[in-house]
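The following exercises ask the reader to work from a structure to short, reasoned statements. Please examine the structure before reading each solution.

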Amino acid sequence: MKPILILNRFSNQASALRQHFEENFSIHKDIRSERFVWDYWYVKNQYQFMRTPAYYYFPKKIYQQFHSQLVQWGREVLGCHDVSPTWLSYYVDGMEQRMHSDVPHGPWAWVYSLTPSKREFKGGETFILKPQTLQYWQNFVEEENREQSSYMEIIQPDFNRLTVFDPRFPHGVTPVRGTSDPLQARLVIHGWFVEPRPYVVGGLTPAQVQKKLQPALVEMSGVLQQLHHFHGTVSLRLSVTAKGDVSRFQWLTDTLVSLSQNETEIKQLKKWIQVRFSNTCFPKTSSASQVTVPLLFR
Ligand SMILES: [Fe+2]
């Protein structure tokens, strides 16, 4: 199970997006309307930061390229077809997100950083509790004292870094300290990946894929009735030849947990999925296909 994915140097639009933000906050004789769009999001003892809908903030052409790249990545790797409406947020001195979980916004949350490479502030990291912290006594070993990084992942807001994580895990943003200047702030675009369904590239059509996967999905619900309760998402990729055979099966992501803490059952289920989906016969087509399939367990 890997609840966090980190992609550095994600977008070739990073500098253009950053530049637009800087221009809006620079001193102008003519005050731009973009300077008045910020909402102070404050929930006592929980959230404190400035935010605005990212979609409306940036010039269409620049933003659209970033957005398309993000959506395309989500389709290919997660089997999620879209993202929720995106937010642009900045955090200056004292601003933070205290620990929380986001359920059921979508199977994956994402944070894309436009924070300056040279940071003048401390904090502003994304923190996410580690799976072993959430199963503390199962993983307890009597040894020397442990500190923060043993219990949580701490992810720096590096410029142009996309962090994708399982939002069921308790997470937040550590308080920013040391700057009151928006131009030096922690600056991120964020949201959730949504609309999980098979994503197809190549000769097969989505309808053909749906039809052929349907029997496997029905069988799987029968298998699940024999097992204990699972929660989470997996995505897998099938490479399908033009003849319709599956030539390769690949796990892409996996956030599956057994609510009865039965790890053997997770292995059993994954083995079943691998064998069953690898044996799917698709129709003959003019060219090979790649099919990304998300499976949600609730
Ligand atoms: Fe969150």
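**Exercise 1.** Determine what percentage of the residues of the chain count as buried.

*Solution.* The model is a predicted one. The chain has 298 residues, and 49% of them count as buried. A residue is placed in this class when its relative accessible area is under 20%. The accessible surface of the chain comes to about 15,500 Å², and carbon and sulfur atoms hold 51% of that surface.

**Exercise 2.** Describe the secondary structure and the extent of the chain.

*Solution.* Begin with the elements: the chain contains 7 helices and 17 strands. Next, consider the extent: the C-alpha trace spans about 65 × 55 × 30 Å along its principal axes. Finally, turn to the contacts between residues at least 6 apart in sequence: 83% of these join residues at least 24 apart.

**Exercise 3.** Identify which residues coordinate the iron ion, and explain why Asp102 and His171 tie together distant parts of the sequence.

*Solution.* First, list the donors: His100 (NE2), Asp102 (OD) and His171 (NE2) coordinate the iron ion at 2.2 Å. Second, write their spacing in sequence, which is H-x1-D-x68-H. Third, locate the pair: Asp102 lies in the loop between strand 6 (96–100) and strand 7 (108–113), while His171 belongs to strand 11 (residues 171–173), so the two tie together parts that are 69 residues apart in sequence.

**Exercise 4.** Decide whether Asp102 is buried or exposed, and whether His171 is buried or exposed.

*Solution.* The cut-off for buried is under 20% relative accessible area. Asp102 has 9% relative accessibility and therefore counts as buried. His171 has 4% relative accessibility, so His171 counts as buried.

Note on methods:
Residues numbered from 1 in each chain as written. Predicted model: local features only at pLDDT ≥ 70, side-chain atom pairs only at ≥ 80, totals over all residues. Heavy atoms only, no water. Donors = N, O, S within 2.8 Å, 3.2 Å for Na, K, Ca; no water. Helix = DSSP H or I, 4+ residues; strand = E, 2+ residues; numbered from the N terminus. Buried < 20%, exposed > 50% of the residue type's maximum accessible area, 1.4 Å probe, protein only. Contact = heavy atoms within 4.5 Å. Areas by Shrake-Rupley, 256 points an atom, 1.4 Å probe, with all protein chains shown as cover.
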